[in-house]
Amino acid sequence: MAEPGLKEDFAVKYKAGDQIWSGHSFLGYMEGLKALLAELPISPAALPTKEYYYSLAGNLDFVYGEMLYSLSGTEGLLRDKAFPLQECYVRPLLAPSVALECGIRYRTKEGEEITRTCEVVRTDETGYIFFTDYHRPL
């Protein structure tokens, strides 16, 4: 288990839930995302904030690679369907688990705004779980 102060340090550093990064594509934040994953404290529970269809467990490099594959693939799929991307973002989640949420906000052809998210939780010194629906069709 990680030192008790790490969660608090993480919360203070990232303003207890404020957005960490926002942009037009996760490809512009590749190295920053890997650094955030490495900095993520061990969570006392590996619980996502909502239900996800897939959960992939592995080390930092595996989860980082799966995240980039999922995020960039979903961005490409949305662009192929002519859904304008509004924002890609990363924000910390502090309950029920200490996690990172990556989201893609976009507009459908009918004008409806939708946000698709994924979450990653650190389970121990080298283990992570990536929760996602990004592989599922839109």
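Is Y54 buried, exposed or partly exposed? Y54 has a relative accessible area of 31%, which is over the 20% limit for buried and short of the 50% for exposed, so the residue counts as partly exposed. Keep in mind that this is a predicted model. Here's a quick tour of the cores, the packing of helix 2 on helix 3, a few individual residues and two backbone oddities.

**Nonpolar cores**
- Nonpolar side chains tend to be buried together in soluble globular proteins.
- In this model the largest nonpolar core counts 29 residues, and L33, M67, V90 and V120 have the most contacts inside it.
- Two or more residues of this core come from each of helix 2 (30-39), helix 3 (60-80), strand 3 (85-93), strand 4 (99-107), strand 5 (113-122) and strand 6 (128-132).
- Helix 3 is the top contributor to the core, giving six residues.
- If you want one residue to click on, try V120: setting aside neighbours within four places in sequence, V120 is in contact with L37, L40, V63, M67, A99, L100, Y128, I129 and F130.
- Another core lies apart from the largest one; it has six residues, including Y52, A99, V121 and I129.

**Helix 2 against helix 3**
- A pair of packed helices is described by the angle between the axes and the distance between the axes.
- For helix 2 and helix 3, the angle is about 140° and the axes are 10 Å apart.
- Angles over 145 degrees would count as roughly antiparallel, and 65 to 115 as roughly perpendicular, so helix 2 and helix 3 are oblique to each other.
- The crossing of helix 2 past helix 3 is right-handed.
- On the helix 2 side, the contact is made by M30, E31, L33, K34, L37 and A38, and on the helix 3 side by L60, D61, Y64, M67, L68 and L71.
- Sorted by class, this contact holds nine nonpolar and three charged residues, with no polar ones.

**K34, a charged residue in that contact**
- K34 sits in helix 2.
- Its relative accessible area is 26%, so K34 is partly exposed.
- Beyond residues up to four places away in sequence, K34 touches L60, D61 and Y64.
- From K34 to I129 the C-alpha distance is 14 Å, with their positions 95 residues apart in sequence.

**F10, up in helix 1**
- F10 belongs to helix 1 (residues 5-13).
- The relative accessibility of F10 is 3%, so F10 counts as buried.
- What does F10 touch, not counting residues up to four places away in sequence? The list is E39, L40, P41, P92, L94, V98 and L100.
- F10 and T132 are 122 residues apart along the chain, and their C-alpha atoms are separated by 23 Å.

**Y54, back to the opening question**
- Y54 is part of strand 2 (residues 54-58).
- Y54 and T132 are 5.3 Å apart, C-alpha to C-alpha, although 78 residues apart in sequence.

**Backbone oddities**
- The peptide bond running from A95 to P96 is cis, and its omega is near 0°.
- You'll find P96 in the loop between strand 3 and strand 4.
- A82 isn't a glycine, yet its phi is positive, at about 60°.
- A82 has its place in the loop between helix 3 and strand 3.

Methods
Residues numbered from 1 in each chain as written. Predicted model: local features only at pLDDT ≥ 70, side-chain atom pairs only at ≥ 80, totals over all residues. Heavy atoms only, no water. Core = buried A, V, L, I, M, F, W, Y, C linked by side-chain atoms within 4.5 Å. Buried < 20%, exposed > 50% of the residue type's maximum accessible area, 1.4 Å probe, protein only. Helix = DSSP H or I, 4+ residues; strand = E, 2+ residues; numbered from the N terminus. Contact = heavy atoms within 4.5 Å. Axes fitted to C-alpha atoms, helices over the stretch in contact; angles between N-to-C directions. Parallel < 35°, antiparallel > 145°, perpendicular 65-115°, else oblique. Left-handed = near helix turned anticlockwise from the far one by under 90°. Nonpolar A, V, L, I, M, F, W, Y, C, P; charged D, E, K, R; others polar.
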